[in-house]
Amino acid sequence: MTLTRADADYVRDLVRERSAIVLDGSKDYLIESRLAPVARKNGLGSLEELVFRLRRERSGPLHDLVVDAMTTNETTFFRDVGLWQALEDKILPDLFSRRAAQKSATFWSAACSSGQEPYSLAMMLVDRFPQIVRTWNIRILATDLSSEMLGRAAAGRYTQLEVNRGMPARSLVTHFRRTGAMWQVSDRLREMVEFRAINLVRPWPFVPEVDVLFMRNVLIYFDLGTKREILGRCRKSLRTGGHLILGTSETTLNIDESFQRTVHGPATTYRPK
Ligand SMILES: C[S@@+](CC[C@H](N)C(=O)[O-])C[C@H]1O[C@@H](n2cnc3c(N)ncnc32)[C@H](O)[C@@H]1O
């Protein structure tokens, strides 16, 4: 299935307008390969027909499916091991001593995809900081634009391949049970994570006050102005002393100079100055 230049431009504009994801001209193959299944599942014989329907209906569930299909959802459990080591050794112990009077801490995984990131955090808290989990008010908020990913994340069911990627065997045995060919995350972890839909480029329905904000591997898809706007909102959301965590190829440098870059061994976080 192929797209005409005009139809590819229409999809590019739609996706950019709704998600801020930038798909330049070199991504036409990606648009075609991601939208072919959407067309098939919706009984449409070609991409031309799909775009015709999108144009005719202006807005609706098909538009959401198209935007959803154009998101890249690559993720793994404990992605970037150095970060998780730094969280365990330094970032979380420091946070818990800073918040000892309040006995509360809030975490936000702001582009959580299929849930591996917030569940990795929940596992780390339960395994390494059990006393805190028992006695503090710990909130883990996990959000994404993609309703398909949020559905998967909330269900907490993973394939063998997904649990093989990044998950220590001990964590798998402790926190998952096998159901047929899948692995089901424990109710305990599921209850620790609140999943919600938030489109980062639209007004946020609420601005949580957070201690650690994971905004990893999502800013890369946005243009400079959008990155700057989102980083500004992140800063407002962070509590004093809080940490913004970006993907390894992302930075606030030359985008928003009101963050202080802090290095913790192999990991870097960004803290409001
Ligand atoms: C590559 S995944 C990153 C997952 C995880 N944070 C990690 O680093 O492993 C990027 C996620 O960003 C989400 N995303 C893309 N545009 C978004 C937007 N405008 N608002 C919220 N989430 C968005 C996608 O749906 C996708 O799940």
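How many residues of domain 1 are in contact with how many residues of domain 2? The count is 9 from domain 1 and 11 from domain 2, where contact means heavy atoms within 4.5 Å.

This is a predicted model, so local features need pLDDT of at least 70 and side-chain atom pairs pLDDT 80 or more, while totals for chains, interfaces and linings use all residues. Residues are numbered from 1 along each chain as its sequence is written, and side-chain values use heavy atoms, with hydrogens and water left out.

**View 1. The two domains.** The protein chain splits into domain 1 (5-69) and domain 2 (81-156 + 185-272), with bounds taken from an automatic or database domain assignment. Their C-alpha centres sit 30 Å apart.

**View 2. The buried area.** Putting domain 1 and domain 2 together buries about 730 Å², 47% of it from carbon and sulfur atoms; that is accessible area (1.4 Å probe) lost by the two parts, summed over both. On the domain 1 side, R18, A20 and D68 lose the most, together 51% of what that side buries.

**View 3. Charges and polar pairs.** Between the domains there are 2 salt bridges (a side-chain nitrogen of Lys or Arg within 4 Å of a carboxyl oxygen of Asp or Glu). D223 makes a salt bridge with R16, with the closest N and O atoms 2.6 Å apart.

**View 4. The domain 1 side.** Two elements give two or more residues to the side touching domain 2: α1 (5-19) and α4 (61-69), both helices (DSSP H or I runs of at least four residues, numbered from the N terminus). The largest share, 4 residues, comes from α1.
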